[in-house]
Amino acid sequence: KLFIKDLHFDGVPVRIYCPKAPSARKRRGLIFFHGGSGIFGSIRTFERVCRYLARKSDSVVVSVGYRLAPEHSYPAQTLDCLTATVHFMKTAETYGVDPDRILVCGDSAGGNFAARVCQELVDRRDIPKISAQVLIYPFLQALNFNLPSHQKNAFTAFLTQECLVRFVLKYLRKDCSLLPATVAGSHVPESMSLKYGKWIHPDLIPEVFKVGYKPLLPSPFLPQVHEETKQVFEVRFTPLLAEDAVVCCLPDTCIITCEHDVLRDDGLLYKKRLEDNNVKVTWYYLEKGFHGTLAFFGYGIFSFPTSSQVVKHIVNFIK
C-alpha cells in the first residue's frame, strides 16, 4: 500500500513513505524523528511505526536518519533534523504534500528535536508554518533530575534516572564521573535555579502526580561541574527554556506522557508552558505506559498494549 524510498534531503538520509492510492487533494506530510538519546536508533528501528502512520493517517511520512552522537557532536542531530524539515517543506508538492499541512513528530530525544525544530522555525518567513507537533514522552530539560517523575521512576525499566543522566553526558561527550553531581543538581547555579524556576520546578506539576514525592535539599553548587555541562542551559538542548515570545508562536501540539517514565514531567511542564501561552494542546496520558513503548510497536507477542495506544493516539491527532 506504500511506495517506500531512501533519499537524501540536503545530505541528510531520509526514508519516505507515500501511500499508493490516489488522493483527491494533496496529502498531509509527517516528519518523524526517532528516539534513542541521540546516541542510538535508526530509520529501521521505527520502520513499522512509520509504515503504520503513513497507511492509517493517509499521510506522506518522512523518517529522518540524523547523525548520532558521540561520533557526531551535538548539535549535529538537531541541525540534521532542521535541514531535512526545511528541505521537505520547500519541496513538499513534489511528493504530493500540501506545504501547509506538515507536522513534525518525535519520541524521547526525537521529541526534543521536534520541539526545537518548531522553535527554530518560528521566525522563518521563506517557508510555510509547521501545522502541528507531536511530542511522545519527550526529553525537554536537563536542569532538574529530581522532579516527581524522576523520583517515582528512578529505577523503572528501560530508562532509569541514572541511565538518563548517563545518556545526557555521553551525548555531550562528557565524562560519566560527573553523573552523581549532575543527578544531585550541583551543575545548576542558584541564580539559574531562581531564573528558570518559573518554568522547571516541582511546584508546577499537578498534585495528582506528586503522591509520595519528597523535595530534596539543594545540593552545593560545583562550578567545575557547571562549566563541563553548560551546554544543557542552551535552548537548543533544553527547549523548556525558550522565551514566551517563541512559545506563544508554536503550532497546535499533541503531547503523550506515560505513567512509568522518568520523563513524564518534562511533558507536563511543556504542556503547561504551551497552555499558558495560549497554544492548543491535546494531551494523552498512558496509565501503565513506559518510556520507549513506541519502539515495541508491531512486534506481535513482543509488543505491548500501550505501544498500539501511542500510534492510535498519533493517528487520531493527525486526522
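**Reading a predicted model, feature by feature**

Modeller: Start with F145, which counts as buried at 1% relative accessibility. Keep in mind that this is a predicted model.

Biologist: What makes 1% count as buried for F145?

Modeller: Use the cut-off: buried means under 20% relative accessible area. F145 has 1%, so F145 is buried.

Biologist: Where in the chain is F145 found?

Modeller: F145 sits in the loop between β6 (132-136) and α4 (148-152). You can also compare sequence with space. F145 and K170 are 25 residues apart in sequence, and their C-alpha atoms are 16 Å apart.

Biologist: Now pockets. How do I find empty space?

Modeller: Rolling a probe the size of a water molecule over the atoms shows where empty space is left. In this structure the largest pocket holds about 750 Å³ of space. It is lined by 26 residues, and the closest to its centre are N144, S193, H201, L216 and P218.

Biologist: Which helix gives the largest share of the lining of the largest pocket?

Modeller: Helix α7 (residues 190-196) does, with five residues.

Biologist: Next, salt bridges. What is the idea?

Modeller: Side chains of opposite charge can pair when their charged atoms come close. This structure holds 17 salt bridges. One of them joins R67 and D80, with the closest N and O atoms 2.9 Å apart. R67 lies in the loop between β4 and α2 and D80 in helix α2, so the pair ties together parts 13 residues apart in sequence.

Biologist: Is D80 buried or exposed?

Modeller: D80 is buried, at 7% relative accessibility. Its partner R67 is partly exposed, at 38%.

Biologist: How many residues apart are D244 and R273?

Modeller: First, the contact. D244 and R273 form a salt bridge, with the closest N and O atoms 2.4 Å apart. The pair links distant parts of the chain, 29 residues apart: D244 is in helix α9 (residues 244-247) and R273 in helix α10 (residues 264-276). D244 is partly exposed at 35%, while R273 is buried at 4%.

Biologist: What separates E275 and K271?

Modeller: About one helical turn, because they are four residues apart in helix α10. Their side chains meet in a salt bridge, at 3.3 Å from N to O. E275 is partly exposed at 37%. K271 is buried at 17%. Salt bridges can also share partners: D6, R15, E47 and R51 are joined that way into one network.

Biologist: Now the backbone. Where are the cis peptide bonds?

Modeller: Look at omega. A cis bond joins A69 and P70, with omega about 0°. The bond from Y74 to P75 is cis too, with omega near 10°. P70 is in the loop between β4 (59-64) and α2 (76-91), and P75 is found in the loop between β4 and α2.

Biologist: And which residues should I check for positive phi?

Modeller: Try D10, which is not a glycine yet has a positive phi of about 50°. D10 lies in the loop between β1 (2-9) and β2 (12-19), and is exposed at 56% relative accessible area. S37 also has a positive phi, near 60°. S37 is in the loop between β3 (27-33) and α1 (47-57).

Biologist: Which residues form the nonpolar patch on the surface?

Modeller: Y299, I301 and F302, with about 390 Å² of accessible area together. Y299 is in the loop between β8 (281-290) and α11 (305-318). Y299 is partly exposed, at 34%.

Biologist: What does the UniProt record say about residues 30-173 and 232-293?

Modeller: The unreviewed entry annotates them as "domain: Alpha/beta hydrolase fold-3". In the model, residues 30-173 are 38% helix and 18% strand. Residues 232-293 are 27% helix and 31% strand.

Key: Residues numbered from 1 in each chain as written. Predicted model: local features only at pLDDT ≥ 70, side-chain atom pairs only at ≥ 80, totals over all residues. Heavy atoms only, no water. UniProt positions renumbered as here; feature names shortened; annotations may be inferred. Helix = DSSP H or I, 4+ residues; strand = E, 2+ residues; numbered from the N terminus. Patch = residues over 30% accessible without salt bridge, like charges linked within 9 Å, V, L, I, M, F, W, Y side chains within 5 Å. Areas by Shrake-Rupley, 256 points an atom, 1.4 Å probe, with all protein chains shown as cover. Salt bridge = Lys/Arg side-chain N within 4 Å of Asp/Glu carboxyl O. Buried < 20%, exposed > 50% of the residue type's maximum accessible area, 1.4 Å probe, protein only. 1 Å grid on protein atoms, 1.4 Å probe; cavity = no way out; pocket = protein on both sides within 12 Å on 5 of 7 lines; lining within 4 Å. Points joined across faces, edges and corners; volume = space filled by probe spheres on them.
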